[in-house]
Amino acid sequence: MPALIVTASTTAQVVAAEVRNGVHVPTSITIENAAGGAARTIRVRDSFTPDVTNGVSAPVATTVDRLRIAVLLGDNVTLSEEDLKGIKCLGSLSIIADAIDANCHISVGYKTE
């Protein structure tokens, strides 16, 4: 199972890039905000461009927040595969936060189906 660690940022941090004919499923997320600067809101973001359909000949890039997690200052949060059940990213799997914080670390494990 691949995994990546990123820090809290207001720019989406790509954990897994979009793949053709596949989806990314997060299997674990650990947010370590013990040494962070403040409470943080972390979002799992899905970014993709839909296919051309009968009604839309030129679809545009779309971003959807699949999960939002509030983490208090000094806290660590761990979400297991059971907690993340049902979350799938059709495009790239990214992590984005409400503020930049080099001391707030987010570990994301995922699988591609």
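**Exercise 1. Place alanine 3 in the predicted model, and state which residues it touches beyond its sequence neighbours.**

Alanine 3 is found in strand E1 of what is a predicted model. The next step concerns its accessibility: exposed means over 50% relative accessible area, and alanine 3, at 58%, therefore counts as exposed. Once residues up to four places away in sequence are set aside, alanine 3 touches Val108, Gly109 and Tyr110. As for its separation from alanine 35, the two residues lie 32 residues apart in sequence, and their C-alpha atoms are 22 Å apart in space.

**Exercise 2. Determine which residues of the largest nonpolar core touch the most other members, and which elements give two or more residues to this core.**

The largest nonpolar core has 22 residues, and those that touch the most other members are Ile29, Ile31, Ile42, Leu93, Ile95, Ile106 and Val108. Two or more residues come from each of strand E1 (3-8), strand E2 (13-16), strand E3 (24-32), strand E4 (40-48), strand E5 (62-71), strand E6 (76-79), strand E7 (92-97) and strand E8 (101-112). Of these, E8 gives the most to the core, with four residues. As a general background, nonpolar side chains in soluble globular proteins tend to be buried together.

To look at one member in detail, take isoleucine 42 and leave aside its neighbours within four places in sequence: isoleucine 42 is then in contact with Ala8, Ile31, Leu67, Arg68, Ile69, Ile95, Ile96, Ala97, Cys104 and Ile106.

**Exercise 3. Describe the salt bridge between arginine 43 and aspartate 65, and say whether each partner is buried or partly exposed.**

A search of the whole structure finds seven salt bridges. In one of them the side chains of arginine 43 and aspartate 65 meet, with an N to O distance of 3.1 Å. Because arginine 43 lies in strand E4 and aspartate 65 in strand E5, the pair ties together parts that are 22 residues apart in sequence. Arginine 43 has a relative accessible area of 17% and is buried, while aspartate 65, with 31%, is partly exposed. Both residues also belong to a network of salt bridges in which Arg43, Arg45, Asp65 and Arg68 are linked.

**Exercise 4. Work out which parts of the chain are linked by the salt bridges of arginine 66 and lysine 111.**

Arginine 66 forms a salt bridge with aspartate 46, and their closest N and O atoms are 2.8 Å apart. This pair links distant parts of the chain, since arginine 66 is in strand E5 and aspartate 46 in strand E4, 20 residues apart. Arginine 66 counts as partly exposed at 32% relative accessibility, whereas aspartate 46 counts as buried at 0%.

Lysine 111 meets glutamate 81 through their side chains in a salt bridge of 3.3 Å, N to O. Here too distant parts of the chain are linked, with lysine 111 in strand E8 and glutamate 81 in the loop between E6 and E7, 30 residues apart. Lysine 111 is partly exposed at 32% relative accessibility, and glutamate 81 is partly exposed with a relative accessible area of 44%.

**Exercise 5. Identify the side chain that is joined to histidine 24 by a polar contact.**

Histidine 24 is found in strand E3. At 3% relative accessibility, histidine 24 counts as buried, because buried means under 20%. Its side chain is joined to that of threonine 112 by a polar contact of 2.9 Å.

Technical notes:
Residues numbered from 1 in each chain as written. Predicted model: local features only at pLDDT ≥ 70, side-chain atom pairs only at ≥ 80, totals over all residues. Heavy atoms only, no water. Core = buried A, V, L, I, M, F, W, Y, C linked by side-chain atoms within 4.5 Å. Buried < 20%, exposed > 50% of the residue type's maximum accessible area, 1.4 Å probe, protein only. Contact = heavy atoms within 4.5 Å. Salt bridge = Lys/Arg side-chain N within 4 Å of Asp/Glu carboxyl O. Polar contact = N/O pair within 3.5 Å; in protein donor to acceptor, adjacent residues only side chain to side chain.
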